[in-house]
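These notebook entries record what I looked up, one topic at a time. I begin with charged contacts and then turn to rings and the backbone.

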Amino acid sequence: MESRPGKVAVFEQFAADGMKYMFGNPGTVEQGLLDAGREFDLDYILALQESVAVGMADGYARATQRPALVQLHTGVGLGNGIGMLYQALRGGSPLVVIAGDAGIRYDAMDAQMAVDLVAMAEPVTKFATRVVDPGSVLRVLRRAVKIAMTPPRGPVFVGLPADVLDELTAEPVVPSSIPSTRVLPEPSLVAAAATRLLAGPRRLILMGDGVALSGAQRELTSVAEALGAEVWGVNSSEVNFDTTHPLYGGGLGHMFGAASARVVQEADSVLIVGTYVFPEVFPSLASPFKPGAQLVHIDLDSYEIAKNFPVDLGIVADPKLTLGAIAKELQRRLPAVPAPAGAVTAAPAVAEPPSSDIDDSVLERFVRRLGERAPEDLVLFDEALTASPPLARHLPPRHPGRFFQTRGGSLGVGIPGALGIKLARPELPVVAFTGDGGSMYTIQALWTAARYGIGAKFVICNNRRYRLLDQNIDQYWSELDIPRHQYPDAFDLSSPDIGFTELAGALGVPGRRVTRLYEVDGAIEAMLAHDGPFLVDLVIE
């Protein structure tokens, strides 16, 4: 192949891998790379802060199930993006993150902006490396794509020294190879799984985002219905199971292990699929499962199987194929298997009867009316946290690809995540719910929305405080028998009041503030009718 500078060859490789966007924030040591990129059909999506760039890429990767490309500015930019990279790692988003540095020739100088980028990136990525030879630039990028896309998916980091990119390379450009993980366990394991899952009358399923990644929603439903097993979400931030199905139990908490223990402690058999257990901040150190319970864990991530608690059968295999095989085995056996006592049987979901909204809160009224007026194909991004229950009631997640939730414990992904989803699926309406506290981590994303005309909508659930911290410290006080008292001042966001519509306007996005019930309908109408990004400041307390 004809020699050309590495900074040109990398864009040829990006094109070969079908990458349409580069989410980033530029810097001096990347200037040569970005200048070379002007000649290629790759849109640069400029963010004003690096966490916004990573958050947009995260949303884009989730919506497309393809690798998303992020450019950060050496150590300072990588540092700003690390919190959001942690979320991508915990959530399994396949991001390819690149950052420049001044060059290998300057390593010994310990000069301005000198930093070990690989050491910085390693804790929040699947794989981190630095290219040191111009003849291996594309090889390393292809390896990065392969690692990011191979389950367990996750972000990878590649450091690109400026002097390496300035050198010529004759490397060929070929699409990255991504190995197939559509593997099915041998029949004896399928039979063993069915036997264990049929043990006892109380059967339970714990499911996570590995189900959505595999496209196994239908197969999971078949297994749940065959077992009469209640299904609970664990680290479930996408549509893994129709939440209006009568077997859906809800989502386990993400803070305290006692909440999960109350759900699982009486189960005779438990199927864990596409998730790890348990993802709380303060998990139970002792096993919450009752002695003798039969545990079957299916995942493509072998590390997570039996990571914290032993299981009776662990299967490293594709959830879709494996659940399909188990469903067939259960159906073959069912005539000889008595229905479990007290088991829930599947039935058509019954809509809630219409209720008066006279006593609605502003939040309840807004979400109910949005549910009534929203298009059928609405995509919802939920970062509302303590304000989420009305969303589950009036906009329940039912269809794959139409619901995304924050994950990994990071705040601030709601606005940029919705932008990434809208870029991936421009034909669909996208609405993000976030909090006043969470939104301020990445409020600069509104400027990016305005710059590129990305028509996502944003609803700020404004209670003027970090309400989740109130709830968490209530639990903390209760566990330590500390009498309730005034919350720390650090939880309060009311003074001065944040003018979200004014802030959005300054960043180029129109908005409307809602403080009273009679303002709800007009705000929804204005939001849905506006051709472009729009923000609603929903004052809920």
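Which side chains meet in a salt bridge with an N to O distance of 3.3 Å? I found D474 and R484 in this role. I note at the outset that the model is a predicted one.

**Entry 1: the D474 and R484 salt bridge**

I looked up where the two partners sit. D474 belongs to helix α18, which covers residues 467–479, whereas R484 is in the loop between α18 and α19 (500–506), so the pair ties together parts that are 10 residues apart in sequence. I then compared the accessibilities with the cut-offs. D474 has a relative accessibility of 24% and therefore counts as partly exposed. R484 reaches 59% and counts as exposed, because exposed means over 50%. I also recorded a network in which salt bridges that share partners join R465, R467, D470, D492 and E541.

**Entry 2: other salt bridges**

I counted 32 salt bridges by the rule in use. One of them links R202 and E266, with the closest N and O atoms 3.4 Å apart. I asked which parts this pair ties together. R202 is in the loop between α8 (187–197) and β9 (203–207), and E266 is in the loop between α11 (257–264) and β12, so the contact ties together parts that are 64 residues apart in sequence. R202 counts as partly exposed at 48% relative accessibility, and E266 counts as partly exposed at 43%.

I next examined R333 and E329, whose side chains meet in a salt bridge at 2.8 Å, N to O. Are these two residues buried or exposed? I find both R333 and E329 buried. The two residues are four apart in helix α12 (residues 319–333), which means that about one helical turn separates them.

**Entry 3: a surface patch of positive charge**

I looked for charge gathered on the surface and found a positive patch made of K126, R139, R143 and K146. I followed R143 further and placed this residue in helix α6, residues 137–149. Its relative accessible area is 39%, so R143 is partly exposed. This value also passes the patch criterion of over 30% relative accessible area.

**Entry 4: aromatic pairs**

I searched the whole structure for aromatic pairs and obtained 12. For F241 and Y248, I noted ring centres 6.5 Å apart and planes at 25 degrees; the pair is therefore stacked, because planes under 30 degrees apart count as such. F241 is buried, with a relative accessible area of 3%, while Y248 counts as partly exposed at 25%.

What is the arrangement of the rings of F289 and F309? Their centres are 6.5 Å apart and their planes stand at 80 degrees, so I entered the pair as edge-to-face. F289 lies in the loop between β12 (269–273) and β13 (294–299), and F309 in the loop between β13 and β14 (313–316); the pair therefore ties together parts that are 20 residues apart in sequence. Both partners fall under the 20% cut-off for burial. F289 counts as buried at 8% relative accessibility, and F309 counts as buried at 10%. I also noted that F11, F14 and F40 form one aromatic cluster.

**Entry 5: cis peptide bonds**

I turned to the backbone with a general point in mind: most residues other than glycine have a negative phi, and most peptide bonds are trans. Which residues does a cis peptide bond with omega of about -5 degrees join? I found V277 and F278 there, and I located F278 in the loop between β12 and β13. I recorded another cis peptide bond between S495 and P496, with omega of about 0 degrees. P496 lies in the loop between α18 and α19.

**Entry 6: positive phi values**

I checked for positive phi outside glycine. D110 has a positive phi of about 50 degrees although it is not a glycine. I placed D110 in the loop between β5 (95–101) and α5 (117–121), and this residue is exposed, with a relative accessible area of 64%. M113 also lies in the loop between β5 and α5. Its phi is near 70 degrees, a positive value in a residue other than glycine. I entered M113 as partly exposed, because its relative accessibility is 37%.

Key
Residues are numbered from 1 along each chain as its sequence is written. Side-chain values use heavy atoms; hydrogens and water are left out. Patches are made of residues with over 30% relative accessible area and no salt bridge: like charges are joined within 9 Å, nonpolar side chains (Val, Leu, Ile, Met, Phe, Trp, Tyr) within 5 Å. Accessible areas come from the Shrake-Rupley method with a 1.4 Å probe; for residues, only the protein chains shown count as cover. A salt bridge is a side-chain nitrogen of Lys or Arg within 4 Å of a carboxyl oxygen of Asp or Glu. Lys and Arg count as positive and Asp and Glu as negative; His and the chain ends are not counted. The place of a charge is taken as NZ of Lys, CZ of Arg, CG of Asp or CD of Glu. Buried means under 20% relative accessible area, exposed over 50%, partly exposed in between (1.4 Å probe, protein chains only). Rings of Phe, Tyr and Trp (its six-membered ring) pair if their centres lie within 6.5 Å; planes under 30 degrees apart count as stacked, over 60 as edge-to-face and the rest as tilted.
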